[in-house]
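Got the viewer open and a selection tool handy? Let's take a walk through this one, stop by stop.

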Amino acid sequence: MRFISPLTPEEFRRVVVPGVISVPVVKKRPPIDDIVQSAARHARILPSEIFGTKRHLNVVDARHAAIRVARALRPELSLNQLGRAFRRDHSTIIHAIRRANGLIEAGEPQFTELFESILQDFPREFPRWQQ
């Protein structure tokens, strides 16, 4: 028995006659740099500060929010991969995710607003992992 491999999205778009079948466009997962840019813009800091070592509360909040959004939108990345992307250790990534979740659950308004504003910059069609 011969199996036919499924069409890739690109092949499908070439085969389907435009206008006859509506095909949902699958968007790529956002790059970490785009998430960092968004977090920096909403927190009114430089993207380099998110990768830096400053411990000012507004910088730390932006960094933790960006890490939490990255974990939500890029679930295929391991904690080590996220750590490399943010120039941090995987245990720091775990701490950032736990702290972000705690602030969101506690209803801390400034952090929650920052987190949600970053999320709104990206499509919501990807599953978000609760960590």
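**First stop: the pocket**

Start with the largest pocket, where α7 is the biggest contributor to the lining, with five residues. Keep in mind as you click around that this is a predicted model. To see the whole lining, select His42, Ala43, Arg44, Asn58, Asp61, Ala62, Gln110, Phe111, Glu113, Leu114 and Ser117. The space inside the largest pocket comes to about 260 Å³. Color by helix and you'll find that α2, α4 and α7 each put at least two residues into that lining.

**Stay a moment with His42**

Now pick His42, which sits in helix α2. Is His42 buried, exposed or partly exposed? With a relative accessible area of 29%, His42 is partly exposed. Show what surrounds His42: setting aside neighbours within four places in sequence, its contacts are Leu114, Ser117, Ile118 and Asp121. Try a distance label from His42 to Ser117, too: their C-alpha atoms are 7.2 Å apart, although 75 residues separate them in sequence.

**Along α2**

Select residues 32-43 to get all of α2, a helix of twelve residues. From first C-alpha to last, α2 reaches 16 Å, close to the 16 Å expected at 1.5 Å a residue. Which residues of α2 are buried? They are Ile32, Ile35, Val36, Ser38, Ala39, Ala40 and Ala43. To see what these buried residues pack against, turn on α3 (47-51), α4 (57-73), α5 (79-85) and α7 (109-120). Just after α2 comes Arg44, and its phi is positive, near 60°.

**Into the core**

Nonpolar side chains tend to be buried together in soluble globular proteins. Here, the largest nonpolar core holds 32 residues, and the ones with the most contacts inside it are Ile32, Ile35, Ile50 and Phe86. The elements giving two or more residues to this core are α2, α3, α4, α5, α6 (90-106) and α7. α4 has the largest share of this core, at eight residues.

Zoom in on Ile50 next. Not counting residues up to four places away in sequence, Ile50 touches Val36, Ala39, Ala40, Ile45, Ala62, Arg63, Phe86 and Arg88.

**Over to α4 and Arg63**

Select α4 and look at how covered it is: 15 of its 17 residues are buried. How far apart are the end C-alpha atoms of α4? They are 24 Å apart, which agrees with the 24 Å that 17 residues should span at 1.5 Å a residue.

Now click Arg63, which belongs to helix α4. Why does Arg63 count as buried? Its relative accessibility is 7%, and the cut-off for buried is under 20%. Leaving out neighbours within four places in sequence, Arg63 is in contact with Glu49, Ile50, Gly52, Thr53, Lys54 and Arg88. One more distance label: the C-alpha atoms of Arg63 and Val36 lie 8.0 Å apart, with these positions 27 residues apart along the chain.

**Zoom out**

Finish with the whole protein in view. There are seven helices and zero strands, so by the DSSP runs used here, the order from the N terminus is α-α-α-α-α-α-α. Of the 131 residues, 39% count as buried. Among contacts with a separation of 6 or more, 66% are between residues 24 or more positions apart. Switch on the surface last: the protein exposes about 8800 Å², with carbon and sulfur atoms supplying 55% of it.

How values were computed: Residues are numbered from 1 along each chain as its sequence is written. This is a predicted model: local features need pLDDT of at least 70, side-chain atom pairs count only at pLDDT 80 or more; totals for chains, interfaces and linings use all residues. Side-chain values use heavy atoms; hydrogens and water are left out. Helices (H or I, at least four residues) and strands (E, at least two) are DSSP runs, numbered from the N terminus. The expected span of a helix is 1.5 Å times one less than its number of residues. Buried means under 20% relative accessible area, exposed over 50%, partly exposed in between (1.4 Å probe, protein chains only). Contact means heavy atoms within 4.5 Å. Accessible areas come from the Shrake-Rupley method with a 1.4 Å probe; for residues, only the protein chains shown count as cover. A nonpolar core is a set of buried Ala, Val, Leu, Ile, Met, Phe, Trp, Tyr and Cys residues joined through side-chain atoms within 4.5 Å. On a 1 Å grid over the protein atoms alone, a cavity is a set of points where a 1.4 Å probe fits but cannot get out, and a pocket is an open set with protein on both sides within 12 Å along at least five of seven lines; lining residues have an atom within 4 Å of a point. Grid points are joined across faces, edges and corners, and a volume is the space filled by probe spheres set on the points.
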